[in-house]
Protein chains: 2
Amino acid sequence: MNITVIGAGNMGSGFVKQLAKAGHQVRVTARDLTKAQALAAVQAGVTAVPAGQALGDSQVVIVATGYADAVPALKALGPLEGRIVVDITNPLTADYMGLTLGFDTSAAEEIAKAVPSAHVVKAFNTVLAQVLADGPSFADGQTVPVFYAGDDERAKQTVRALAESIGFKPVDAGGLKNARYLEPLAGLNIYFAYGAGQGTQIAPTWIHRV
Amino acid sequence: MNITVIGAGNMGSGFVKQLAKAGHQVRVTARDLTKAQALAAVQAGVTAVPAGQALGDSQVVIVATGYADAVPALKALGPLEGRIVVDITNPLTADYMGLTLGFDTSAAEEIAKAVPSAHVVKAFNTVLAQVLADGPSFADGQTVPVFYAGDDERAKQTVRALAESIGFKPVDAGGLKNARYLEPLAGLNIYFAYGAGQGTQIAPTWIHRV
């Protein structure tokens, strides 16, 4: 394919490298064009171009800028009629620990406000009922994780022990505010189970390279 | 532990079963007390009680109701001073395909509004830069997934092929609105990598029982 990559930072340079290696024709542009040129210099099939010339006949445009720069960077390419724009951005807060969009509150925080004398811990919300009923052992020796988030450490340790006592793998997901991540995670889990028809014996987890 | 479970539906009955099996003392209450009694009848260590008597000396209260019922159900228990409340709810819309809290918009949808002639596909946002740079092969033969969401089927197929061409495992995550799930998923990924110190060679995926 012919592909335009906007941005020559960590993600942009990763895309340029991987796409060129796979044989795609890559145009790369960046606010600092010398960075784009540095990428093009070391890889066949890669051309560094100013924004105004970056679209060409590319079917696909990958926006590898920060979210705040994405729209201006796209507009700088010219008309995008029918092109495919791959949005890889995340609308992160400055400290990377939150999102600036769709991150206003969560069920857990609302419940905590309503019962302020209790220690609320978000947990088990990504475990589908059928998975809970049939237990935490999945294929290939994998154990279903229970993500738990809360603001009281002792309460979290208790919930951790509770999850362990029934065989799940507890994973500390931070403060109660991170329910704003865990609830959408469950939403996606439910989408895969019911919306995409994968069925109810699935669970989200994290994998590592090592 | 002594544990109170509120709710005798799918999740509540799963908890009662698993907790009792692990040797916990379980009090279960439900709007329809006969359902709680049916659970208690078949499992040792389980008592069915009306809400007003459900707290007792339980350290932990698991709210296995829908989100809308969680607060009234908790308040019906009486004072919760110092108790641990495990919130397993998800604030789902009636069709289960969205959240009623923190689900207003996403970077992808904002970008799509700004460049309406393009086909925007959310993708690669859960792939950390280091993972992209070093490639998709993880431990135990696992391949890092690329979740993609968009409203144009042909554009999605192109992005799917693109992800495949560089070795990632493409996973259809539905319409562009599901960027509201994928962006928090990336947020949690970034929290694990940087906030929790797990490092940048991690990725979210889904596991299956089979």
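**Exercise 1. How many aromatic pairs does the structure hold over all chains?**

Solution. Count ring pairs (Phe, Tyr and the six-membered ring of Trp, centres within 6.5 Å), and you get 16 aromatic pairs over all chains. A heads-up: this is a predicted model, where local features need pLDDT of at least 70 and side-chain atom pairs count only at pLDDT 80 or more. Residues are numbered from 1 along each chain, and chains are lettered from A in the order in which they are written.

**Exercise 2. Describe the pair of A:Phe15 and B:Phe124.**

Solution. Start with the geometry: the centres are 4.7 Å apart and the planes make 80°. That's edge-to-face, the word for planes over 60 degrees apart. Next, place the rings: A:Phe15 is in helix H1 of chain A and B:Phe124 in the loop between strand S6 and helix H5 of chain B, so the pair joins two chains. Finally, both residues are buried, meaning under 20% relative accessible area with a 1.4 Å probe, protein chains only.

**Exercise 3. Work out how helix H6 of chain B sits.**

Solution. First check the length: 13 residues at 1.5 Å a residue should span 18 Å (1.5 Å times one less than the number of residues), and the end C-alpha atoms are indeed 18 Å apart. Now list the buried residues of H6(B), which include B:Val159 and B:Leu162. The buried residues cover an arc of only 160° around the axis, so they lie on the same side of H6(B). Last, look just past the helix, where B:Gly167 takes a positive phi of about 90°.

Note on methods:
Heavy atoms only, no water. Helix = DSSP H or I, 4+ residues; strand = E, 2+ residues; numbered from the N terminus. Buried < 20%, exposed > 50% of the residue type's maximum accessible area, 1.4 Å probe, protein only. Arc of directions from axis to C-beta. Phe/Tyr/Trp six-rings, centres within 6.5 Å; stacked < 30°, edge-to-face > 60°.
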